[in-house]
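The exercises below are to be worked with the sequence and the 3D view open. Each task is followed by a solution in steps.

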Amino acid sequence: MMRFMLLFSRQGRLRLQKWFTAISEREKKKIIREMTTMVLARPPRTCNFLRWKDLKIVYKRYASLYFCLGVEDEENELLALEIIHRYVELLDKYFGNVCELDIIFNFEKAYFILDEFLMGGEIQETSKQIVNRAIESSDMLQEDDHSEWYDVELFG
Amino acid sequence: MPAPIRLRELIRTIRTARTQAEEREMIQKECAAIRSSFREEDNTYRCRNVAKLLYMHMLGYPAHFGQLECLKLIASQKFTDKRIGYLGAMLLLDERQDVHLLMTNCIKNDLNHSTQYVQGLALCTLGCMGSSEMCRDLAGEVEKLLKTSNSYLRKKAALCAVHVIRKVPELMEMFLPATKNLLSEKNHGVLHTSVVLLTEMCERSPDMLSHFRKLVPQLVRILKNLIMSGYSPEHDVSGISDPFLQVRILRLLRILGKNDDDSSEAMNDILAQVATNTETSKNVGNAILYETVLTIMDIKSESGLRVLAINILGRFLLNNDKNIRYVALTSLLKTVQTDHNAVQRHRSTIVDCLKDLDVSIKRRAMELSFALVNGNNIRGMMKELLYFLDSCDPDFKADCASGVFLAAEKYAPSKRWHIDTIMRVLTTAGSYVRDDSVPNLIQLITNSVEMHAYTVQRLYKALLDDISQQPLVQVASWCIGEYGDLLVSGQCEEEEPIQVTEDEVLDVLEGLLVSNLSTPVTRGYSLTAIMKLSTRFSSVNRIKKVVSIYGSSIDVELQQRAVEYNALFKKYDHMRPALLERMPIMEKSASNGPTEIVQTNGEAEPSAVESKHPPPVTQPTNQVRTILNTVFIGIPPMTAYSKNGLKIDFTFERANPNPNIAVITIHATNSTEAEMTDFVFQAAVPKTFQLQLLSPSSNVVPALNQGTVTQVIRVLNQQKQQLRMRIKLTYTHKGSAVQDLAEVNNFPPQSWQ
């Protein structure tokens with residue numbers, strides 16, 4: 001399973017943190033510090049994998065954001081890169097040419113999208129369209145908060 | 001009270017802060033406003049306030065006062081509130097918080113909500129961070145949802161079940177019925193999460209594993225469809241249909257096929273198909289190939305398939321993509337033990353990876369290279385590895401040096417080659433070798449008798465070049481101290497002997513003493529070396545002077561040595577030659593001694609061990625420990641007496657400073673079922689010896705080898721005669737007095753020579 005996903009800028013500012021195990025605030029802060037230091041120190045054109053304690057760290061840079069996944073030993077690193085890429089595609093589709101500012105100003109949406117894609121450290125849905133439709137429908141529900149509930153069917 | 005500012009407004013404001021202090025001030029102000037808003041129980045803006053709090057939490061500021069507010073949001077009827085409330089719960093309310101359990105009821109209600117997106121939020125929260133208690137309470141709800149026909153909920157319920165099982169493994173059984181039809185789903189989301197659930201169950205329970213083996217044909221079919229079916233826009237990634245699902249199925253197949261011939265055979269064809277048909281131009285195809293290789297190597301695949309897998313890894317090694325090379329090296333490292341020959345075929349490619357620029361790849365290549373070294377390729381491999389040692393980063397040098405030493409020890413084609421290799425390591429990476437290499441190397445050098453002159457000459461020349469690398473300097477000092485006579489007499493056969501005088505050698509050693517580069521340990525080595533040369537060189541006066549100077553050194557260790565060596569010159573000069581003579585060959589600490597003793601305990605006893613109980617396990621280790629304490633000196637222990645269940649072992653030490661005194665410790669053990677009381681050990685030696693018996697540890701030898709009585713004997717053997725001893729044993733056993741006399745003649749030569 002995946003243990004955590006972190007997004008941070010090139011200056012080391014945290015933009016998103018998703019933890020899939022229960023650890024203390026102090027421990028989280030320590031991990032964030034170590035991840036940002038380790039990943040930002042990597043020279044260019046090195047491979048995207050690191051070993052850290054008993055975990056594999058898979059990271060990839062997209063524009064000004066670093067996506068960093070901490071996964072357990074039996075996970076497939078090459079697939080982890082695909083997971084990161086899939087999340088970026090989902091964000092891109094939702095925000096339309098996503099950039100770091102979108103994630104800063106709409107961090108809660110970034111979380112909502114992530115929560116439709118991953119859960120409990122595993123992949124929840126492998127279809128891009130289904131994830132997008134779920135988010136759109138949920139957004140519509142938010143808008144309809146003034147009126148009563150009604151069932152939104154997932155098309156298709 | 002004006003409406004609290006909007007989230008995006010706050011973010012914009014905070015980002016205008018130019019300093020950390022300014023940001024902190026803004027945050028504190030806003031937190032105060034939020035706190036008062038919470039106190040007023042403001043329902044309208046609670047959502048907005050919590051969202052702002054979550055933003056500030058991400059910046060690193062405390063947000064615990066928002067925990068209860070998250071609970072209130074979750075309990076609200078509005079979807080917006082619930083969305084933010086559950087997000088807040090996932091960020092602030094993990095199982096370590098006291099109020100975590102208060103969520104349980106809300107989650108339970110929301111799991112039964114009429115809107116699937118609310119149910120989804122509840123499942124997601126439970127599945128990400130539900131505590132064990134919460135999982136126990138809500139497992140039933142999750143199980144219900146696992147059987148729903150709504151695929152959106154079913155996939156979430158499956159992953160939620162995975163989390164429940166991870167937290168409360170005993171609950172695994174209750175999900176078993178619901179797994180019945182999971183794989184007949186067409187929906188990929190449900191299929192994927194079902195495979196994850198099945199994997200989790202199989203990994204945790206051997207019974208589940210056997211139960212689910214029957215799914216292998218179905219899994220093979222699904223995988224086949226994924227590969228053979230045409231383009232599916234919904235799941236396509238660079239021309240491959242749902243790679244995430246493919247990889248997950250391959251992983252489950254791996255678990256099911258491991259150690260099972262039938263399952264392995266059933267999946268053989270599909271694995272071969274995936275291995276040969278997957279497109280390798282993009283990362284995603286290689287991800288699938290990688291997983292396939294891992295599966296092939298783990299199950300009982302036929303040899304053709306295994307070779308195919310290793311060849312795929314070999315091809316990966318030549319790929320331009322660093323990630324792929326990295327992954328190949330990691331996998332080869334895992335298989336090098338089991339498929340050694342197949343991996344050997346790719347040795348040259350692996351060795352080329354030592355020159356890769358990427359640090360992670362270099363490290364893997366180094367580890368793999370060491371694993372591939374054998375008697376046939378040692379010379380070639382060592383050349384490459386030594387070249388690598390020269391040029392690699394400091395982080396690698398310690399591990400590489402250790403690896404080189406180990407490989408050299410195992411496969412050295414000749415002693416000269418071995419010593420040359422060690423010299424090369426010491427001179428190129430001398431400061432990085434581990435501390436324990438110094439004694440190991442010294443032992444190796446001592447035991448290569450014919451190479452002494454060559455070794456000391458090379459080490460001396462190395463010292464002339466560079467005295468900064470401490471392990472090199474220490475080994476060199478020790479050797480010069482031992483073999484300095486060979487150095488000045490120019491006896492080297494292996495290479496051109498150098499011309500060096502005693503004074504030059506002493507200059508070098510004294511130079512080490514004063515140099516700032518030398519550590520205290522190194523200084524100790526050089527002082528001792530100088531001292532030893534007093535029996536090998538003729539310039540004794542110079543040495544005496546040096547030693548006396550250091551008698552007042554600030555370094556306590558040096559001072560002590562110097563004072564004792566001084567004493568050696570003055571009062572004990574007659575002992576100096578014997579004390580400083582050539583070291584004997586050192587036996588390695590893993591000698592035959594301990595294992596022999598252990599084997600004779602309780603098994604080879606000729607006097608019948610009446611007890612029917614097996615001998616207790618603790619006793620042999622006690623023996624081994626005491627034996628090991630003395631074995632390092634190099635004199636093997638011996639059994640002096642063994643009769644009627646009483647066994648007496650002797651262990652030896654050399655007394656310092658007098659080498660003519662043998663210190664023998666007797667170890668008396670009793671393997672009968674009754675203890676031996678009033679135990680007295682007496683010994684007598686021939687007239688040319690002197691004997692001193694110290695007090696015993698006790699007079700009772702416990703039964704069944706449960707304890708040992710020890711006693712120390714000191715024997716002065718000034719004339720170096722063969723040691724013989726008569727011993728008398730008296731004790732009370734089962735009410736009657738026992739007395740026995742015996743001669744001990746089997747002393748090892750080293751104890752009296």
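**Exercise 1.** How many bridges join strand 7 (residues 690-693) of chain B to strand 8 of chain B, and in which sense do the strands run?

Solution. The model is a predicted one, and this holds for every exercise here.
- Step 1: Strand 7 and strand 8 of chain B are joined by four bridges and run antiparallel.
- Step 2: To fix the register, start from B:Gln690, whose bridge partner in strand 8 of chain B is B:Leu716.
- Step 3: Turn to strand 5 (residues 661-670) of chain B, which is joined to strand 8 (residues 709-716) by eight bridges, again antiparallel.
- Step 4: In that pair, B:His667 stands opposite B:Thr710 of strand 8 of chain B.
- Step 5: Strand 8 of chain B thus has bridges to strand 7 and to strand 5.

**Exercise 2.** Work out the strand order of the five-stranded open sheet in chain A.

Solution.
- Step 1: The order is 2-1-5-4-3, and the pairing is antiparallel.
- Step 2: The edges are strand 2 (14-19) and strand 3 (49-52) of chain A, each of which pairs on one side only.
- Step 3: From one strand to the next, the twist averages 20°.
- Step 4: For one pair within the order, take strand 4 (residues 55-62) and strand 5 (residues 65-71) of chain A, which pair in the antiparallel sense over seven bridges.
- Step 5: In the register of these strands, A:Arg61 stands opposite A:Tyr66 of strand 5 of chain A.
- Step 6: For the setting, the unreviewed UniProt entry lists residues 1-140 of chain A as "domain: AP complex mu/sigma subunit". This span is 46% helix and 26% strand, and its end C-alpha atoms lie 32 Å apart.

**Exercise 3.** Is A:Ile123 buried or exposed, and which residues does A:Ile123 touch beyond four places in sequence?

Solution.
- Step 1: Locate A:Ile123 in strand 7 (residues 122-123) of chain A.
- Step 2: The relative accessible area of A:Ile123 is 5%, so the residue is buried, the cut-off being under 20%.
- Step 3: In chain A, A:Ile123 touches A:Met2, A:Ile83, A:Phe117 and A:Leu118.
- Step 4: In chain B, A:Ile123 touches B:Leu159, B:His192, B:Thr193 and B:Phe244.
- Step 5: A:Met1 is 122 residues away from A:Ile123 along the chain, and the two C-alpha atoms are separated by 9.2 Å.

**Exercise 4.** With which side chain does the side chain of B:Thr295 make a polar contact?

Solution.
- Step 1: B:Thr295 is part of helix 15 (residues 283-298) of chain B.
- Step 2: Relative accessibility is 0%, and B:Thr295 therefore counts as buried.
- Step 3: Leaving out residues up to four places away in sequence, B:Thr295 touches B:Leu250, B:Leu253, B:Arg254 and B:Leu271.
- Step 4: Of these, B:Arg254 supplies the polar side-chain contact, at 3.2 Å.
- Step 5: B:Leu271 is 24 residues from B:Thr295 along the chain, with 8.3 Å between the C-alpha atoms.

**Exercise 5.** Describe the surroundings of B:His452.

Solution.
- Step 1: B:His452 belongs to helix 25 (residues 452-465) of chain B.
- Step 2: With 8% relative accessibility, B:His452 counts as buried.
- Step 3: Residues up to four places away in sequence aside, B:His452 touches B:Ile445, B:Thr446, B:Tyr483 and B:Leu486.
- Step 4: The side chains of B:His452 and B:Tyr483 are joined by a polar contact of 3.0 Å.
- Step 5: For the wider setting, chain B is divided into domain 1 (435-580) and domain 2 (638-751). The centres of these two domains, taken over C-alpha atoms, are 40 Å apart.

Terms used. Residues numbered from 1 in each chain as written. Chains lettered and ligands numbered in written order. Predicted model: local features only at pLDDT ≥ 70, side-chain atom pairs only at ≥ 80, totals over all residues. Heavy atoms only, no water. UniProt positions renumbered as here; feature names shortened; annotations may be inferred. Helix = DSSP H or I, 4+ residues; strand = E, 2+ residues; numbered from the N terminus. Pairing = 2+ DSSP bridges. Axes fitted to C-alpha atoms, helices over the stretch in contact; angles between N-to-C directions. Domains from an automatic or database assignment. Buried < 20%, exposed > 50% of the residue type's maximum accessible area, 1.4 Å probe, protein only. Polar contact = N/O pair within 3.5 Å; in protein donor to acceptor, adjacent residues only side chain to side chain. Contact = heavy atoms within 4.5 Å.
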